[in-house]
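Got the viewer open? Here is a tour, stop by stop, with something to select at each one.

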Number of protein chains: 2
Amino acid sequence: MATIKDVARLAGVSTATVSAVVNDTAYVSPALRKKVLSAIAELRYAPSLVARSLKRGRSQLIALVVADLANPFFAKIVCTAEAAVAAWGYSLVVFNSDEKPDNERRILARIRMLSCDGILLVPVGGSVESSRELAGMTIPTVLFGRSMEGVDFDTVTIDNRSAARRVTDYLLDLGHRSIGTITGPLHLTTGRGRLDGMMEAMDARGLAPAPEFVRSGEFREDVAYSIAREILVRPDRPTALYIANGVMALGVMRALADLGLKCPDDISVASTDTIPGISGLRPRLTRTEHPASDMTNEAVRLLVDRIDRAVDLPARNIVFQPELVVGDSCGPVSGRTLAKRDPERRGVRPA
Amino acid sequence: MATIKDVARLAGVSTATVSAVVNDTAYVSPALRKKVLSAIAELRYAPSLVARSLKRGRSQLIALVVADLANPFFAKIVCTAEAAVAAWGYSLVVFNSDEKPDNERRILARIRMLSCDGILLVPVGGSVESSRELAGMTIPTVLFGRSMEGVDFDTVTIDNRSAARRVTDYLLDLGHRSIGTITGPLHLTTGRGRLDGMMEAMDARGLAPAPEFVRSGEFREDVAYSIAREILVRPDRPTALYIANGVMALGVMRALADLGLKCPDDISVASTDTIPGISGLRPRLTRTEHPASDMTNEAVRLLVDRIDRAVDLPARNIVFQPELVVGDSCGPVSGRTLAKRDPERRGVRPA
DNA sequence: CACAATCAGCGAAACGATTAGCTGACGGAT
DNA sequence: ATCCGTCAGCTAATCGTTTCGCTGATTGTG
């Protein structure tokens, strides 16, 4: 690789002049400029970003740390974030903490070493360790999708409670009274918030889900599958299930299929979050759609803004409202859904 | 951020000694080592990878350039690649060329400037420009998923023809004779190869698809949707469709749903490639499953190997065989599928 | 004509690490 | 006591940029 010195030598100028031409940072006479440019072309010179980073103290790198890259929602984030940061002249370094606080710690340490200019973080959460690590970091950071207590970063999230409330209300409006739920880990604002929203909606009608049908687990297809099976084989199973995210909903659908249960005939299912592009398959999930692209663009905007104007702006918290999309995975409570059910169970708030 | 000089000063040693401790590259007496380590801890020192890169000429960065990040198959690649490169001590910089040769060129230029140590590339292909750019690059590169003529890089691909042949044979074995296909762009080895394989399978039985039912387009859900509609509204529509990839298959399913057609009752659909996790939804696609993780791990292995032993090894080409997974999206040819069809059309090789 | 002001372009010092080569101290052999 | 080898640890050059401050030429002013 040719260096700036090679260019300078070939063009018969100093490296300072080459730099001035490359960065357009000082006046250079047309004659010299031309010589420099043709030397650059001849040598196929491109400035070394690593040398430039060292000197400028800016790497033009943005780190994206996602808690679960296998989740299509976050995959979508990667896609949008790549385009967004590229538009601002940055490159995207991607990390997957895989929901493990330890990984997150290691990743944050690496990001510091890489001198990334900013961090887009979907925090694993619940980890004192990593929030300490985070607090010690001076790199501009935007929390995405999940927030954290105790630190005040910019955040871009969705209104989990409201989303869950809306979905649950939909089920309640259909007449369901015995509703179960599978949500994510309760130490995550997504898992917790969605459960809270569901409970609120029930509570507003003087109802509460039976504790044995309020379940939480990792946001994974297989986890939801197992939990769903456990719930579904019970004779007193709920008439509807509210599922906290898209991959979990898929797991539930698989459980239904394996047990020979039909949705919505045997049970209604609705979720917050979904999997993109599956609307051609049956059943079409009734769910909220989360504006992943808008959220990501907004997050990148916040981050770049904070990088550029390093001022200690107060933390900004942007909350998106998801939209309810009705599919055909829910039906009214029917004789069939209630068959073989203990009637006392339905919608009665447990003592 | 503390630098190596700060550590040296605090520990009362030279920077060389600190470096020796950090990299464990020379003997340092226990006493000094301890002083250095505690200075490091006190200052929360972490070596600057950018300075290190400049000196060492190694950035520990691997670039992943994907032609379509929105495609779940490639999203999966990102996920696996991140883990794989991390295991080798690298970080992953992700780029999306979005199937545009121009973007690919820009991205490759940027990668050169970033001094990435290696490139994992899903080439857009068909572009003389970018293969030239590629040929001029000295950075170790592994081509993924698609190969390119004219350059001899390591490649990791799947056997597209065989995959397509297997799927088509399955349809033929069910008795289908009038089979249509929607494949990807013909300048891509994936689009072309899968079409070729399908034709081969037909040909082996003395058949050929009607030209108007052999369609190609970008590997996108909406593209497949439109094409599928065009095909499906015709009274002489095929009794089966072979779709070249997963997102296209989703598009076809959506078209079927919108037109009120049932799969497999009205038409059979099978594909190479699929969308992970949708086996709980109906219909379950009959398709080939592509070993995305194995492929990625292998690609990273090849790449790291080439980075480490910079020797000009001959190009290695690894080809994976996908596996046929039978769902319930295909059925035998029935009276219903053949209803209102011009009998002369079926399975007759066009002149 | 002398002097100041302007300005294109250059030289050299950083940035933070690695590392080749050097220095001195120490110990053992003669 | 002298010499040499060993070796822990230091000094300083280097990687490829950017940029501060300088130089010398040119122009304008009195």
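Which helices of chain A and chain B each supply at least two residues of the surface near DNA strand C? Select α2 (15–23) and α4 (49–56) in chain A, then α2 (15–23) and α4 (49–56) in chain B: each of these gives at least two residues to that surface. Keep in mind as you click around that this is a predicted model.

**Stop 1: DNA strand C**

Stay with strand C and show the 26 residues around it; T17(A), S29(A), T3(B), I4(B) and A16(B) come nearest. Colour that surface by residue class and you get twelve nonpolar, ten polar and four charged residues.

**Stop 2: DNA strand D**

Now switch to DNA strand D, which has 28 residues surrounding it. The closest are I4(A), A16(A), A51(A), S14(B) and A16(B). On this surface, at least two residues come from each of α1 (4–11), α2 and α4 of chain A, and from each of α2 and α4 of chain B. Pick out α2(A) here, since it gives the most to the surface near strand D, with six residues. By class, the strand D surface splits into 13 nonpolar, ten polar and five charged residues.

**Stop 3: the domains of chain A**

Hide the DNA and colour chain A by domain. Domain 1 covers 4–47, domain 2 takes 58–158 + 292–322, and domain 3 is 160–289 + 325–345. Put a marker at the centre of domain 1 and another at the centre of domain 2 in chain A: over C-alpha atoms, they are separated by 37 Å.

**Stop 4: where the chains meet**

Bring chain B back into view. Here 44 residues of chain B are in contact with 44 residues of chain A. On the chain B side, select α4, α5 (72–87), β2 (91–96), α6 (101–114) and α11 (246–258), each of which supplies at least two of the touching residues. That side has 27 nonpolar, ten polar and seven charged residues.

Next, zoom in on strand β2 (residues 91–96) of chain A. Three bridges join it to β2(B), and the two strands run antiparallel. Click L92(A) and look across to its bridge partner in β2(B), V94(B).

**Stop 5: the six-stranded sheet in chain A**

Back to chain A alone. Show the open sheet of six strands, ordered β7-β6-β8-β9-β10-β12, with mixed pairing. At the edges sit β7 (214–216) and β12 (323–325), each pairing on one side only. From one strand to the next, the twist averages 15°.

Inside this sheet, select β9 (residues 268–272) and β10 (residues 286–289) of chain A: three bridges join them, and they run parallel. T272(A) stands opposite T288(A) in β10(A).

Then add two helices of chain A. Helix α9 (residues 189–204) lies across β6 (179–183), β7, β8 (240–243) and β9, running at about 165° to β6(A). Helix α10 (residues 221–232) lies across β6, β7 and β8, at about 160° to β6(A).

**Stop 6: one residue in chain B**

Finish at A315(B), in the loop between α12 (292–308) and β11 (317–320) of chain B. Why does A315(B) count as partly exposed? Because 14 other C-beta atoms lie within 10 Å of A315(B), whereas buried takes 20 or more and exposed 12 or fewer. Leaving aside neighbours within four places in sequence, A315(B) is in contact with D152(B), F153(B) and D154(B). For a last distance, draw a line between the C-alpha atoms of A315(B) and R254(B): the two residues are 61 apart along the chain, and the line spans 42 Å.

Technical notes:
Residues numbered from 1 in each chain as written. Chains lettered and ligands numbered in written order. Predicted model: local features only at pLDDT ≥ 70, side-chain atom pairs only at ≥ 80, totals over all residues. Near = placed C-beta within 6 Å. Helix = DSSP H or I, 4+ residues; strand = E, 2+ residues; numbered from the N terminus. Nonpolar A, V, L, I, M, F, W, Y, C, P; charged D, E, K, R; others polar. Domains from an automatic or database assignment. Contact = placed C-beta atoms within 7 Å. Pairing = 2+ DSSP bridges. Axes fitted to C-alpha atoms, helices over the stretch in contact; angles between N-to-C directions.
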